[in-house]
Amino acid sequence: MSIRHGLLALLERGPRYGSQLRSEFESRTGSTWPLNVGQVYTTLSRLERDGMVVQDGEDTAGHALYAITDDGRAELRAWFANPVDRTSPARDELAIKLAMAVGASGVDIRDVIQSQRRHTVKAMQDYTRLKAQAITAVEANGARERDDVAWLLVLEQLIFQTEAEARWLDHCEARLIRLSAVSAVSAAADAQDRASAQVTEPATDQRLPAR
C-alpha cells in the first residue's frame with residue numbers, strides 16, 4: 001500500500017492537515033487500511049524532504065497545512081500511469097503458513113486449510129453485505145460522491161481476492177489428495193516388488209557337504 005501516493009492524491013484536491021488527511025484516506029478506503037497520525041506526519045515529512053509537498057500556512061484552528069508541489073503532481077501522475085509492479089510480490093502469510101505446514105511435525109495441513117476456508121468464506125460474506133450497503137449509498141448520493149464510489153471499488157477488490165483465495169484453498173486440498181494417492185500407490189508397488197523378490201529368490205542349500 002502506498003501511503004505516500006495516497007496522500008499526494010488527497011493533497012491534489014487542496015491543502016490539508018495531518019489528521020484531516022488520515023480521516024479522508026480512511027473514508028476513501030472504508031478504513032480497510034487504517035492509518036495513525038504518526039504515519040501520516042512521518043510520510044508528510046519525507047514528502048516535504050523530497051520536494052513533493054510544502055507547508056502552506058495554517059487553518060483557522062491553527063493546524064499546519066500541507067500543499068502538493070509541481071514535483072508532487074508529476075510523481076502522482078507517474079504513479080497513476082504506471083502499473084503496479086508484480087515482479088516482487090508482497091509476502092502472503094497464508095501461502096507461507098501452508099508452505100511451512102507441509103511435512104511439519106504434528107500438523108495436519110488439511111486442518112489448516114479447512115480452518116482458513118471457513119474464515120475466508122465468512123470474510124467474503126461480510127464483504128458482500130458491505131458491498132450491498134455501498135451500492136445503496138452510491139445510488140442514494142449519486143456517482144459524484146467519490147468516497148462511496150471509491151469504497152465500492154475497494155470492496156469489490158476484496159471480494160474478488162477472497163473468492164480467489166477460496167478457490168486456491170480448494171486447489172491446495174485437491175492437490176494434497178492427489179499426491180497422497182500417488183504416494184500410497186507408489187508405496188504399495190514398492191511393497192509388492194519386495195514381496196515378489198523374496199518369493200523368487202533361490203533358497204540356499206543348508207545341508208552340510210558329504211564327508
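Seven helices and two strands are found in the protein chain; helices (H or I, at least four residues) and strands (E, at least two) are DSSP runs, numbered from the N terminus. The model is a predicted one, in which local features need pLDDT of at least 70, side-chain atom pairs count only at pLDDT 80 or more, and totals for chains, interfaces and linings use all residues. Residues are numbered from 1 along each chain as its sequence is written, and side-chain values use heavy atoms, with hydrogens and water left out.

Begin with the whole chain coloured by secondary structure. Along the sequence, the pattern reads α-α-α-β-β-α-α-α-α. Of the 211 residues, 26% are buried, where buried means under 20% relative accessible area, exposed over 50%, and partly exposed in between (1.4 Å probe, protein chains only).

Next, select helix H1, residues 3-11. Seven of its nine residues are buried, namely Ile3, His5, Gly6, Leu7, Leu8, Leu10 and Leu11. To see what covers these residues, display helix H2 (18-29), H3, strand E1 (53-58), strand E2 (64-68) and helix H4 (70-81), which are among the covering elements.

Now add helix H3, residues 37-49. H1 and H3 pack at an angle of about 80°, and their axes are 10 Å apart; axes are lines fitted to C-alpha atoms, for helices over the stretch in contact, and angles run from 0 to 180 degrees between N-to-C directions. The two helices are therefore roughly perpendicular, a term for angles of 65 to 115 degrees. In this contact (heavy atoms within 4.5 Å), H1 contributes Ile3, Arg4, Leu7, Leu8 and Leu11, and H3 contributes Gln39, Val40, Thr43, Leu44 and Leu47.

Then show the largest nonpolar core, which has 16 residues; such a core is a set of buried Ala, Val, Leu, Ile, Met, Phe, Trp, Tyr and Cys residues joined through side-chain atoms within 4.5 Å. H1 gives the largest share, five residues. Leu44 is one of the residues with the most contacts inside this core. Not counting residues up to four places away in sequence, leucine 44 touches Leu7, Leu11, Gly18, Leu21, Val53 and Tyr66.

Finally, select tryptophan 79 and phenylalanine 80. Their ring centres lie 5.2 Å apart with the planes at 40°, so the pair is tilted; rings of Phe, Tyr and Trp (its six-membered ring) pair if their centres lie within 6.5 Å, and planes under 30 degrees apart count as stacked, over 60 as edge-to-face and the rest as tilted. Tryptophan 79 is partly exposed, at 34% relative accessibility.

How values were computed:
Parallel < 35°, antiparallel > 145°, perpendicular 65-115°, else oblique.
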